[in-house]
Amino acid sequence: METFISWRTWDEARADLEREPPVPDPARSAIDLPALERAAVAAERWHGDQKRPTGVPYVEHLLEALEAAVRGAGETRTEVLSAVLLHDVVEDTGATVGDVEDAFGPVVAELVDWVTKPPAGNAGRQAKRAAKAAYLRRLRDAPAEAVAVKLADRVSNVQRLDQMPPDFQRRYYAETVTYIIPLAEGHPWFASWYADWRERYAHLR
């Protein structure tokens, strides 16, 4: 199972992409690095000093998702890659969908909106889990571009699932199998990656 942990900073990602740009699908253009840098800088500004549960800077999650989208799935579309970098800013920072639209346009804002989990407020654990399940089911109706953003996001979240507490591993494995893997239909690279991942963590069934 391939993992995507090469880029710890945007400078590393940019240098790598400048040195060895991905070969785009003939129907797609090359990556617009200046536009992508704008999204990376904005994501870093909005997330500030936030950390992942493992204690690493939050930007590392965003860059893992970006690497999966680019190096794995071969994605080159500016709007999709910008949304990958910005996918958590509305959910986890003070930024709004309007802020994203003002800075990056309606397409990126729509993609970010699709993958943003609605706030659960002060709801109890069961209510929060039910709300999250409803959000994940809603993604079945999302445009393919938004699904691609979510699939890249989840690659980062699950590629090292064994580093998380055992109870979380089991819950997250079940959630991914139930809601995320079906979304990969129609996205061949993601479908293959998640099939390998499912076998790697089959002991959590």
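Is F4 buried or exposed? At 1% relative accessibility, F4 counts as buried. Keep in mind while you look through these views that the model is predicted.

**View 1. F4 meets W189.**
Let's start with the aromatic rings, since this structure holds seven aromatic pairs. In the pair shown here, the ring centres of F4 and W189 are 5.7 Å apart and the planes sit at 70°, so we call the pair edge-to-face; the cut-off for that label is over 60 degrees. Now look at where the two partners come from: F4 belongs to the segment before helix 1 (10–19), while W189 is part of helix 11 (residues 188–200). Those parts are 185 residues apart in sequence, so this pair ties them together. W189 has a relative accessible area of 23%, so it counts as partly exposed.

**View 2. W197 and Y201 in a cluster of rings.**
Here's another aromatic pair, W197 with Y201, and this one is tilted. Centre to centre the distance is 5.6 Å, with 40° between the planes. Both W197 and Y201 are buried. Zoom out a little and you'll find a cluster, in which ring pairs link Y173, W193, Y194, W197 and Y201.

**View 3. Arginines over rings.**
Rings can have charged company too, as two spots in this model show. R45 lies over the face of W46, 5.3 Å from the ring centre. At the other spot, the charged end of R52 sits over the ring of Y58, and the distance to the ring's centre is 5.2 Å.

**View 4. Helix 1 against helix 2.**
Follow the axes of helix 1 and helix 2 (residues 33–47): they come within 11 Å and cross at roughly 170°. That angle is over 145 degrees, so helix 1 is roughly antiparallel to helix 2. On the helix 1 side, the contact is made by W10, R14, L17 and E18. Helix 2 brings L33, L36, E37, A40 and E44. As for handedness, helix 1 passes helix 2 in a right-handed crossing.

**View 5. Helix 9 alongside helix 11.**
The axes of helix 9 (residues 144–158) and helix 11 come within 11 Å and cross at roughly 25°. Helix 9 and helix 11 are therefore roughly parallel to each other, and their crossing is left-handed. Who makes the contact? From helix 9 it's A148, L151, A152, R154, V155 and V158. From helix 11 it's F190, W193, Y194 and W197. You've met some of these names already: W193, Y194 and W197 are among the residues of the ring cluster.

Definitions and conventions: Residues numbered from 1 in each chain as written. Predicted model: local features only at pLDDT ≥ 70, side-chain atom pairs only at ≥ 80, totals over all residues. Heavy atoms only, no water. Phe/Tyr/Trp six-rings, centres within 6.5 Å; stacked < 30°, edge-to-face > 60°. Helix = DSSP H or I, 4+ residues; strand = E, 2+ residues; numbered from the N terminus. Buried < 20%, exposed > 50% of the residue type's maximum accessible area, 1.4 Å probe, protein only. Lys NZ or Arg CZ within 6 Å of the ring centre and 35° of its normal. Axes fitted to C-alpha atoms, helices over the stretch in contact; angles between N-to-C directions. Parallel < 35°, antiparallel > 145°, perpendicular 65-115°, else oblique. Left-handed = near helix turned anticlockwise from the far one by under 90°. Contact = heavy atoms within 4.5 Å.
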